[in-house]
Amino acid sequence: MSAKDQAGEKAKGEMTEAELNERANEKARKRKAARDRMLATKTEEKGLLIVHTGKGKGKSTAAFGLIARAIGNGMRTGVVQYVKGKWETGERVVLERFPDLAEIRTMGEGFTWDTQDRARDIAAAKRAWEVSKEMIEACRVDRSKGEKPKYDMVLLDELNIVLRYDYLPLEEVVEFLDNRPEDLHVIVTGRNAKPELIEAADLVTEMTQIKHPFREQGVKAQKGVEF
């Protein structure tokens, strides 16, 4: 610790509780003023391409959290599930209770080690991609004429998985997503996101695994946590 820091700590130790409170409050006022100045420069609104990737748990969980937040704000949402077709997931049950604000299309047939049929997996991926394009195109409207998009947010759950195995043409997918309707938010999940998709995205979050009970304790996937 430098002499300046030591002097500061000593002075802090000699302060009364009221003086400590005032010092903390003054720092908070300065932080707020700096944040207000920063926020004043952020004026643009646009649809975002959001990517959740990484080896850690939580990619789809966070994405469905965004879908829930959108529904809470009265926004229309669409979900295409590329892989988890065989799983009876809690999020699917929840979204089905909001038919006016959520449409979920489960297109996958399970993980590749479940199907053990590459041709079948590729066919499922292509069907899911066609549905994804239809959802996104349904949002290409002329707002100046009062037209409303069918969705405000679209989630392509585990799209990164099928791109990882080259089941879909990467260049086509990235180009299509890059040219999505300007007000539409699109979320893509799955580990091993391709660099080209990361480059095109506006917001990318990598989930990092630190501990996992499946690997370290032999705990199986559990209701309410994994599905």
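The following exchange between a trainee and a mentor works through a predicted model, from its overall make-up to single residues.

In this predicted model, local features need pLDDT of at least 70 and side-chain atom pairs count only at pLDDT 80 or more, while totals for chains, interfaces and linings use all residues. Residues are numbered from 1 along each chain as its sequence is written, and side-chain values use heavy atoms, with hydrogens and water left out.

Trainee: What percentage of the residues of the chain count as buried?
Mentor: Buried means under 20% relative accessible area, exposed over 50%, and partly exposed in between, with a 1.4 Å probe and protein chains only. The secondary structure comes to 10 helices and 6 strands, where helices (H or I, at least four residues) and strands (E, at least two) are DSSP runs numbered from the N terminus. Of the 227 residues of the chain, the buried ones make up 37%.

Trainee: Which element gives the largest share of the largest nonpolar core?
Mentor: A nonpolar core is a set of buried Ala, Val, Leu, Ile, Met, Phe, Trp, Tyr and Cys residues joined through side-chain atoms within 4.5 Å. The largest has 35 residues, and those with the most contacts inside it are Tyr82, Leu156, Leu159, Leu168, Leu177 and Val188. Two or more residues each come from several elements, including β1 (49-53), β4 (153-157) and α8 (170-178). The largest share, 7 residues, comes from α6.

Trainee: How are the rings of Trp129 and Phe176 arranged as a pair?
Mentor: Rings of Phe, Tyr and Trp (its six-membered ring) pair if their centres lie within 6.5 Å, and planes under 30 degrees apart count as stacked, over 60 as edge-to-face and the rest as tilted. Trp129 lies in helix α6 and Phe176 in helix α8, so the pair ties together parts that are 47 residues apart in sequence, and both residues are buried. Because the ring centres are 5.5 Å apart and the planes stand at 80 degrees, the arrangement is edge-to-face.

Trainee: How wide an arc do the buried residues of α3 cover around the axis?
Mentor: The buried residues of α3 are Lys59, Ser60, Ala63, Phe64, Ile67, Ala70 and Ile71, whereas Thr61, Arg69 and Gly72 are exposed on the other side. The arc is that of the directions from the helix axis to the C-beta atoms. The buried residues therefore lie on the same side of α3, since their arc is only 120 degrees.

Trainee: How far apart are the end C-alpha atoms of helix α3?
Mentor: The expected span of a helix is 1.5 Å times one less than its number of residues. For the 14 residues of α3 (residues 59-72) this should come to 20 Å, which agrees with the distance between the end C-alpha atoms, 20 Å.

Trainee: Is His185 buried or exposed?
Mentor: The place of His185 is in strand β5. Leaving aside residues up to four places away in sequence, His185 touches Lys46, Gly47, Leu48, Met75, Asp152, Met153 and Val154, a contact being heavy atoms within 4.5 Å. Because its relative accessibility is 19%, His185 counts as buried.

Trainee: Where is Asp166 found?
Mentor: Most residues other than glycine have a negative phi. Asp166, although not a glycine, has a positive phi of about 60 degrees, and at 54% relative accessibility it counts as exposed. Asp166 is found in the loop between α7 and α8.
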